[in-house]
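Reader: I am new to protein structures, and I would like to learn how the terms are applied. Could we look at one together?

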Amino acid sequence: MTDNKDKFVFKIVVVGDSAVGKTSLIMKFTQGTFQENYIQTIGAQLSSFEDEINGDKIELFFWDIAGQDTFHFLRPAFYQGSRAAIVVYSIEDSSHGKKSFEHVDEWYEDIKLYCGDVPIILLGNKVDLIDKKKLKEKKVLKILKKYGFIGYYKTSAKTGEDVIKAFQTLIKELYHKYKGLSAQ
Ligand code: G3D
Ligand code: MG
């Protein structure tokens, strides 16, 4: 008998510059049901969430960096075993926002290095702070094509805009990927 009990247990890392809204997004998605644990040794926060697709139980563990100072040395432990990633930047029109977008490349490189070829979505968070009509997205389109992100969403952890949609895209992708693998 094959033991499939770990089949739909997914670790998902949520990365991006500090204060872009990583923790807020996870909390918004997992809402009342989240359990949070802080892993002090590696400066990570861990939230678990249960979902179900086609009667299959799915357990998700979102890992989020808390405080970036010591993170440099602990990256391997943080990324180890991740099956997907969410890269977050802030879409707000400020130097913090711009810098957080410029750093998307670095976060992407980290994921590639430590996790390999896993599905990744890109989130431009804090969309409630901008006028979407005035948004120029040439640079974003370029980066989406270059890195092959499986999705891009302009989210707001504050209003909830597109948060569930974005997370569900990644969860469905993971589910189908591993469901397919187990059928082979
Ligand atoms: P981090 O986990 O990436 O470091 P946090 O970021 O989730 O701690 O969020 C940093 C700050 O941005 C918080 O404000 C939080 O409320 C705010 N924030 C997060 N997401 C959004 C969003 O979508 N819209 C707006 N307007 N603000 C957001 P404070 O003031 O607590 O530091
Ligand atoms: Mg945080």
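Reader: What makes the pair Lys-154 and Glu-137 a salt bridge?

Author: A salt bridge is a side-chain nitrogen of Lys or Arg within 4 Å of a carboxyl oxygen of Asp or Glu. The closest N and O atoms of Lys-154 and Glu-137 are 3.0 Å apart, so the pair fits that rule. Lys-154 lies in strand β7 (residues 151–155) and Glu-137 in the loop between β6 (120–125) and α5 (138–147), so the bridge ties together parts 17 residues apart in sequence. Before we go on, please note that this is a predicted model, in which local features need pLDDT of at least 70 and side-chain atom pairs count only at pLDDT 80 or more, while totals for chains, interfaces and linings use all residues. Residues are numbered from 1 along each chain as its sequence is written, chains are lettered from A and ligands numbered from 1 in the order in which they are written, and side-chain values use heavy atoms, with hydrogens and water left out.

Reader: Why is Glu-137 called partly exposed?

Author: Buried means under 20% relative accessible area, exposed means over 50%, and partly exposed is in between (1.4 Å probe, protein chains only). Glu-137 has a relative accessible area of 24%, so the label is partly exposed.

Reader: How many salt bridges are there by this rule?

Author: The count comes to 10. One of them joins the side chains of Asp-110 and Arg-75, at 2.8 Å from N to O. This pair links distant parts of the chain: Asp-110 is in helix α4 (residues 104–115) and Arg-75 in helix α2 (residues 71–79), 35 residues apart. Asp-110 and Arg-75 are both buried.

Reader: Are Lys-112 and Asp-117 buried, partly exposed or exposed, and what are their values?

Author: Lys-112 has a relative accessible area of 30% and is partly exposed. Asp-117 reaches 64%, so Asp-117 is exposed. Their side chains also meet in a salt bridge, with 3.1 Å from N to O.

Reader: How do you know that Asp-17 has no salt bridge?

Author: For charge, Lys and Arg count as positive and Asp and Glu as negative, while His and the chain ends are not counted. The nearest side chain of opposite charge to Asp-17 is Lys-22, 7.2 Å away. Asp-17 is buried all the same, and sits in the loop between β1 (9–15) and α1.

Reader: What joins the side chains of Asp-17 and His-103?

Author: A polar contact of 2.6 Å joins them. That term means a pair of N or O atoms within 3.5 Å; within protein, one must be able to donate a hydrogen and the other to accept it, and residues adjacent in sequence count only if both atoms are side-chain atoms.

Reader: Which atoms of ligand 1 are in polar contact with Thr-23 and Asn-125?

Author: An oxygen atom of ligand 1 is 2.9 Å from an N or O atom in the side chain of Thr-23. A nitrogen atom of ligand 1 is 3.2 Å from an N or O atom in the side chain of Asn-125. Taken alone, ligand 1 exposes 650 Å², and the protein buries 60% of that. Such accessible areas come from the Shrake-Rupley method with a 1.4 Å probe; for residues, only the protein chains shown count as cover.

Reader: Which helix gives the most to the shell around ligand 1?

Author: Helix α1 (residues 22–30) does, with 3 residues. Helices (H or I, at least four residues) and strands (E, at least two) are DSSP runs, numbered from the N terminus. The chain has 6 helices and 7 strands.

Reader: What makes Ala-19 stand out in its phi?

Author: Ala-19 has a positive phi of about 70° although it is not a glycine. Ala-19 lies in the loop between β1 and α1, and at 54% relative accessibility Ala-19 counts as exposed.

Reader: Where is Asp-162, and why is Asp-162 called partly exposed?

Author: Asp-162 lies in the loop between β7 and α6 (163–183). Its relative accessible area is 28%, so Asp-162 is partly exposed. Phi of Asp-162 is near 60°, a positive value in a residue other than glycine.
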